[in-house]
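Biologist: Got a minute to go through this one with me? I'd like to poke at a few local spots and some packing.

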Amino acid sequence: MSAVWLQVGQCGNQIGQEWWQAVTQARSRDADPYPFCSLDGKLSAICVDSEPKVVKKLQKQVKRGSFRESNLIMGKQGRGNNWAYGYHGARSEGEQSLFCRTMESLRREVERRDCYSGTVLLHSLGGGTGAGFSSRLCEAIREEYPLGHILAVSVAPHQAGESPLQHYNALLCLSWLQRYADGILLFHNDELLKRAASLQGKATAEGERQVSLSAMNASVASCLAGLFYPLKIFTAQSGISLGMEPWELLRSTCPVPALKFLHTAQASTRGTVFWDSLASSATQSIPRESLSGHPHCSSGLLAVARGPQEDSFLVGCTSVLRKLKQAYRCVPWNPFPAAYWTDPVSVVARGHDSHTLTVCANHSSSADLLWRVEQRARLMYESKAFLHWYLRHGCEEGDFEQGFETLRSIVEEYGHLGD
């Protein structure tokens, strides 16, 4: 495949484990997993964390031949949920080499690609490693491989709060992603919790205690599988996948380069499929209005229909796309706001009669999260709360000011998206 998968921090590696489990399980079915591997059969993935507890669990996968041992990169201590500590690193040489080892593994993995087109980055916005170290890697990858794409799969922390520093971390990381990434698939822990509880058939009030972290990570991996698993339309006559799915996704959903935050929804069923109903299920939880009461809209969307009855989608794709465009309120200035892909293989749900519809849209609801992060981080910044923890590790007040300006600018641009 043309992509290198880089999973950073606890969240990124846990999502990566669920993602690669879905990929490797497909070996026993009729889908082709090999676009994700090098010629020697090793997965084209680099697993990085500043502490060893999560990455060490992947040692079993090394013995099974899935991962390359040199691509499991661990530090000896964490980053204290501090973006500045994650970005600038520790002062000791051993910890400083975490960055060098990661970039060296990335260089080797790029050289193993037949045609390197970009990097997919899995991480969180709330942690020191996931937010800070990912920001530094994103910046370095852009400088080292300027022609390659960078697609970030970013998970935002719970609104109720996972760490007192999460708003600072998210502010700075989002600012860096806006500057260096080409697209950001944005997931919210609160939405993932509701989705996982719904899939388990439980009410949200009961599910908050019963839904596992693994189920939430599996929900992200399910969306990734719906979007990025090899499609026949990107497969050569020789049967080799070109691996262009992530980059074609960006081309379809990001008509305006400055607006790159993507919302993903998914619905699946078994047996006879009615794609109109599946589209209604997928769009049921889409936010309709902004925090200020203005209706949300979308500059572009991509629908991926998978399952043995893909022909029925092609027959009724006009009505399905019309329903999706109405639900997402696609902007009038884009003449082709909706695209679709189909494939007879669904790796999301088991069973030969399973069908999945995954929708990825450049939706203005992402601005709500950015606005909340900017507002809460500014309140902390103005009161100087925890600021010394960042300044002591090399962060400057100008980084915060630039973060505020960047997020405010994105929110304003999304606010005028439908004009």
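**Loops, rings and helices**

Modeller: Sure, let's start with Asn334: leaving out residues up to four places away in sequence, Asn334 touches Pro255, Ser299 and Gly300. Keep in mind that this is a predicted model.

Biologist: Where is the place of Asn334?

Modeller: Asn334 is in the loop between helix 13 and strand 9.

Biologist: And is Asn334 buried or exposed?

Modeller: Asn334 has 13% relative accessibility, so it counts as buried. The cut-off for buried is under 20%.

Biologist: How far apart are the C-alpha atoms of Asn334 and Arg108?

Modeller: Those C-alpha atoms are separated by 40 Å, and Asn334 and Arg108 are 226 residues apart along the chain.

Biologist: Staying with that loop, what's up with the phi of Arg329?

Modeller: Arg329 has a positive phi of about 50°, and it is not a glycine. Most residues other than glycine have a negative phi. Arg329 is in the loop between helix 13 (317-328) and strand 9 (338-343), and with 41% relative accessibility Arg329 counts as partly exposed.

Biologist: What about the phi of Asn81?

Modeller: Asn81 has a positive value too, near 55°, in a residue other than glycine. Asn81 is in the loop between strand 3 (72-74) and helix 3 (83-88). At 39% relative accessibility, Asn81 counts as partly exposed.

Biologist: OK, new topic, aromatics. How many aromatic pairs does the count come to?

Modeller: The count comes to 21 aromatic pairs. One of them is Trp5 with Phe228, an edge-to-face pair at 6.2 Å centre to centre with 65° between the planes.

Biologist: Which parts of the chain does that pair link?

Modeller: Distant ones: Trp5 is in strand 1 (residues 3-8) and Phe228 is in helix 9 (residues 213-228), with the two positions 223 residues apart along the chain. Trp5 is buried at a relative accessible area of 0%, and Phe228 also counts as buried at 0% relative accessibility.

Biologist: And what do the rings of Trp19 and Trp20 do?

Modeller: Their centres are 5.8 Å apart and their planes are at 55°, so that pair is tilted. Trp19 counts as buried at 0% relative accessibility, and Trp20 counts as buried at 3%.

Biologist: Which residues form the one aromatic cluster with Trp5?

Modeller: Trp5 forms one aromatic cluster with Trp19, Trp20, Phe36, Phe228 and Tyr229.

Biologist: Any charges over rings? Which ring does the charged end of Arg378 sit over?

Modeller: The ring of Phe404, with the charged end of Arg378 at 4.2 Å from the ring centre. The charged end of Arg79 sits over the ring of Tyr85, at 5.1 Å from its centre.

Biologist: Now helix packing. At what angle do the axes of helix 5 and helix 6 cross?

Modeller: Roughly 15°, and the axes of helix 5 (residues 128-144) and helix 6 (residues 166-180) come within 9 Å. Angles under 35 degrees count as roughly parallel, so helix 5 and helix 6 are roughly parallel to each other. Helix 5 passes helix 6 in a left-handed crossing.

Biologist: Which residues make the contact?

Modeller: On helix 5, Ala131, Ser135, Cys138, Glu139 and Arg142 make the contact; on helix 6, the residues are Asn169, Cys173, Trp176, Leu177 and Tyr180.

Biologist: And how do helix 6 and helix 14 cross?

Modeller: The axes of helix 6 and helix 14 (residues 366-382) cross at roughly 120° and come within 8 Å. That makes helix 6 oblique to helix 14, and helix 6 passes helix 14 in a left-handed crossing.

Biologist: Which residues in helix 6 meet helix 14?

Modeller: His167, Tyr168, Ala170, Leu171 and Leu174 do, and in helix 14 they meet residues including Leu370, Val373, Ala377 and Met380.

Biologist: Last one, Ile286. Which residues is Ile286 in contact with, leaving aside neighbours within four places in sequence?

Modeller: Ile286 is in contact with His263, Tyr328 and His363, with those neighbours left aside. Ile286 is in the loop between helix 11 (275-282) and strand 8 (298-306), and Ile286 is buried, with a relative accessible area of 4%. The C-alpha atoms of Ile286 and Ala327 are separated by 8.0 Å, with the two residues 41 residues apart along the chain.

Technical notes:
Residues numbered from 1 in each chain as written. Predicted model: local features only at pLDDT ≥ 70, side-chain atom pairs only at ≥ 80, totals over all residues. Heavy atoms only, no water. Phe/Tyr/Trp six-rings, centres within 6.5 Å; stacked < 30°, edge-to-face > 60°. Helix = DSSP H or I, 4+ residues; strand = E, 2+ residues; numbered from the N terminus. Buried < 20%, exposed > 50% of the residue type's maximum accessible area, 1.4 Å probe, protein only. Lys NZ or Arg CZ within 6 Å of the ring centre and 35° of its normal. Axes fitted to C-alpha atoms, helices over the stretch in contact; angles between N-to-C directions. Parallel < 35°, antiparallel > 145°, perpendicular 65-115°, else oblique. Left-handed = near helix turned anticlockwise from the far one by under 90°. Contact = heavy atoms within 4.5 Å.
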